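Q: Please take a close look at one part of this model, the packing of helices and aromatic rings, and describe it in one connected account. Which elements and side chains should I follow there, and how are they arranged?

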Amino acid sequence: MAEERPGSWFGFGFCGFGQALGSGRGRQVLSPEPLRLPDAGTDICGVSAAWSYTAFVSRAGRVLLSGSAGGAADGCRDAWASETLLVVLRDGRGPGPGAELQAWAPGSALRGEPLWAQTVAPEAGREDGAGGGTRAGPLPLLPCARAYVSPRPPLYRPLAPELRARRLELGAEHALLLDEAGQVYSWGGGRHGQLGHGTLEAELAPRLLEALQGLRMAEVAAGGWHSVCVSEMGDIYIWGWNESGQLALPARGLAEDGQTVAGEATALKEDGSGVKGPAGTEEGAAAPFIAVQPFPALLDLPLGSDAVTASCGSRHTAVVTRTGELYTWGWGKYGQLGHQDTASWDRPRRVQYFVDKRLQVTAVRCGPWNTYVRAVEQS
Amino acid sequence: MAEDSNRDALAGPGALWEALRALLPRTKEELRLDLRASVEGSVVVLLQQAADLFYGGRRSECLQACEAVLDYSWEKLNTGLWQDVDKDWRRVYAFGCLLKAMCLCEAPGDSATVAAALRACDMGLLMGAAIFDDILIKVAAVLQAHLLPGKRPAQGPAPEQPRLKKARNGHVSIPDMRSEKAVPRLHCPSLQHFRKHYLIPQTPVILEGVADHWPCMKKWSLEYIQEIAGCRTVPVEVGSRYTDEEWSQRLMTVSEFISCYILNEIPELKQDISIPDYCCLGDGEEEEITINAWFGPPGTVSPLHQDPQQNFLAQVLGRKYIRLYSPQESEAVYPHDTHLLHNTSQVGPRGLAAPPPPPGGRTTLQPSSVLSLLRCDLPSGNCVVIPWAPSQEAVPKARKRPLATAGQPSCPPGAPASQLPAHCSLGRGLDVRLSMYIYFVHINVLVLFV
């Protein structure tokens, strides 16, 4: 989770447990607000949000918890927050580059003993500390890339070494893996099409996404029941459940609430409130609603922007473009889309706040019902 | 009691609130669910907060907390298989529905607010599990009594009318069944005779005169059902068969369904159905009997499929044609090879549309010529017994998910295909299906209106 350029964090969405998000008023924040932490001035380099609390990791190695869980600890390199378990990667106790993986009950405030701890091998032949793109990704994938952490027992899950995992993301019932060659694997439950193999069947072991074979992916992101990946060329592929429009495909539930823009001639602005005639489709009649997309679909952002990074909440999606804009879509009931309202969207929509404040977005991390964004001043 | 029926607005809103409040315990300490560790501590805190806010009279904050409870537990209900969902999450969901319904009714509101509260109760009944001694049923009854006919809220924009798949020639075509062997008919056989000659040897039979004294046979009409249950929210399957691409499930009120399409979860209707004594020949408990009610226009087709329980199927209104294939023929009816549709044949009523690779070298399937087929013409007042159930090890204790979300396809419980009996029906009107499940100690009563 290390970032090269200094920047500041913003948050919006659900904060019903008092987790630091913005100004701290109310149960939800509908528009991005600067993140305010008790330890003012902490340089946050990583954020991991569970439903009722958020874990912040500072560059100095301090983990701060905010929300239903509190507390802080030093000597941490990485943290991963889930509702039942907080996983922390700490500096090893002895000399050498080894690290210790610890699993804590969130309510323990990181005091006392962890529920479970294990020494983990460092990455073979790699330097410790801030790394470049090929370093094995953040938790829940372990630095050695040989295993990952799960919130449900067994906590420590080995991965086949031939997978050469670079990045791993967990959804409510599935897992996505990105390997060194940019290939994507998925496994777990598939009833909502989130595995992307074209069926609704579950997979017990990592299975290659054949539809994406040959395309080099740079990032993967898993939502509750949907999956996103971003190619090195900047294209977005998306699949899974679309019940709130989280795939940016026409969603019936939104139409019945009068929220969908699919097939409607609403005020379409070029900033991405809508798209005039999405690429390749002439929408004379209303486009058919899509509940489940079981294999990857290519998604075009407005203005043909290239994506660089993506993150998913349980039912929403956020993407950052090469030019530093943030697009969000999907479930918006708690303001997690950042469009100053609680509407859900089944089309990508630019978060205008960062444009207005002349900020360039560099990173995004979604919690289940909220979104944290890192941005820098435009040069 | 409610007075002043001259007003259009809800008569005596205070009376409604009094009646609802009386259903809840006096103190917030008593409104507590005992939940296992599978429900996270943060959720327990939120539930307590919601109860505190409710008893503290902070209605809008309580509603906010309820929404979060409902949204979070809804996500749990949609994770994994429905049969594996921890019952405590369903109880949490029901709790959220209860407080939401109560909060909506606290301030004097119009009938639209009461309808919204009733809808919240119905969602809790559909997706939740019983809490506080079936309190949601009681709350729904109180709300329903206040939503008198004629004072129902004006229908909002009519739900989008999906394309109903009509029979090609516009008529219900009656299949030619002359070459098929008929299911035998008996008039009220004795329990012993029925058990010895039909249940144990697993032979289907039509029981005449078994259901014609049920109150529903006289009372049920579209008008009656509209009056009793019109404001209740129920799941509706849309599409002529569940294997079609356009098939989906929706939530709507019974009135909306009746007005849109023609014309279960409602206990008042259940009382009009009696359970034939034959069902007691199983080892199950009477409270394990469930009743599903099915409405349908003429021409509705159920594809060839197998249910995990043995069935008594009784017709209330209208007429139904049924084809039954014996369990020995299950491989020959080409079950779908996906887990979801494992209990469903790919064979339509007139044969396969496109034969899959034949397992035994057969290239075309003519059900009437190859298989031992029984046919059944079921007019109202009669019951057919479909005694075949799959072998014990084959069937998980699956129940149908009432409704996950509108628009998402949902299928009957998927039993792995082994010893597949099947029935395929063209029907109209109403029928009742009672299922008996000897091995798993279950008796299910399904009411079918097709």
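A: In this predicted model, helix 3 of chain B and helix 4 of chain B are roughly antiparallel to each other, because their axes cross at roughly 155° and an angle over 145 degrees counts as roughly antiparallel. Helix 3 spans residues 59–77 and helix 4 residues 87–106 of chain B, and their axes come within 8 Å; the crossing of these two helices is left-handed. Where they meet, helix 3 of chain B contributes residues including B:Leu63, B:Cys66, B:Leu70, B:Tyr72 and B:Trp74, while helix 4 of chain B contributes, among them, B:Trp89, B:Tyr93, B:Gly96, B:Cys97 and B:Leu104.

Two of these contact residues, B:Tyr72 and B:Trp89, lead on to chain A, since ring pairs link them into a cluster with A:Phe14, A:Phe17, A:Trp51, A:Trp331, A:Tyr334 and A:Trp369. Over all chains, the count of aromatic pairs comes to 24. In the pair made by A:Tyr334 and A:Trp369, the ring centres are 4.7 Å apart and the planes stand at 15°, so this pair is stacked. The pair links distant parts of the chain, 35 residues apart: A:Tyr334 belongs to the loop between strand 23 (326–330) and strand 24 (345–350) of chain A, and A:Trp369 to the loop between strand 25 (359–366) and strand 26 (370–377) of chain A. A:Tyr334 is buried, with a relative accessible area of 4%, and A:Trp369, at 1% relative accessibility, also counts as buried.

An edge-to-face arrangement is found for A:Tyr353 and A:Phe354, which form an aromatic pair with 5.2 Å from centre to centre and 85° between the planes; both A:Tyr353 and A:Phe354 are buried. Returning to the cluster, its member A:Trp331 has a charged neighbour as well, for A:Arg315 lies over the face of the A:Trp331 ring, at 3.8 Å from the ring centre.

Taken as a path, then, the description runs from the contact of helix 3 and helix 4 of chain B, through B:Tyr72 and B:Trp89 in the ring cluster, to the stacked pair of A:Tyr334 and A:Trp369.

How values were computed: Residues are numbered from 1 along each chain as its sequence is written. Chains are lettered from A and ligands numbered from 1 in the order in which they are written. This is a predicted model: local features need pLDDT of at least 70, side-chain atom pairs count only at pLDDT 80 or more; totals for chains, interfaces and linings use all residues. Side-chain values use heavy atoms; hydrogens and water are left out. Rings of Phe, Tyr and Trp (its six-membered ring) pair if their centres lie within 6.5 Å; planes under 30 degrees apart count as stacked, over 60 as edge-to-face and the rest as tilted. Buried means under 20% relative accessible area, exposed over 50%, partly exposed in between (1.4 Å probe, protein chains only). A charge sits over a ring if NZ of Lys or CZ of Arg is within 6 Å of the ring centre and within 35 degrees of the ring normal. Axes are lines fitted to C-alpha atoms, for helices over the stretch in contact, and angles run from 0 to 180 degrees between N-to-C directions. Angles under 35 degrees count as roughly parallel, over 145 as roughly antiparallel, 65 to 115 as roughly perpendicular and the rest as oblique. A crossing is left-handed if the near helix is turned anticlockwise from the far one by less than a right angle, and right-handed if clockwise. Contact means heavy atoms within 4.5 Å.
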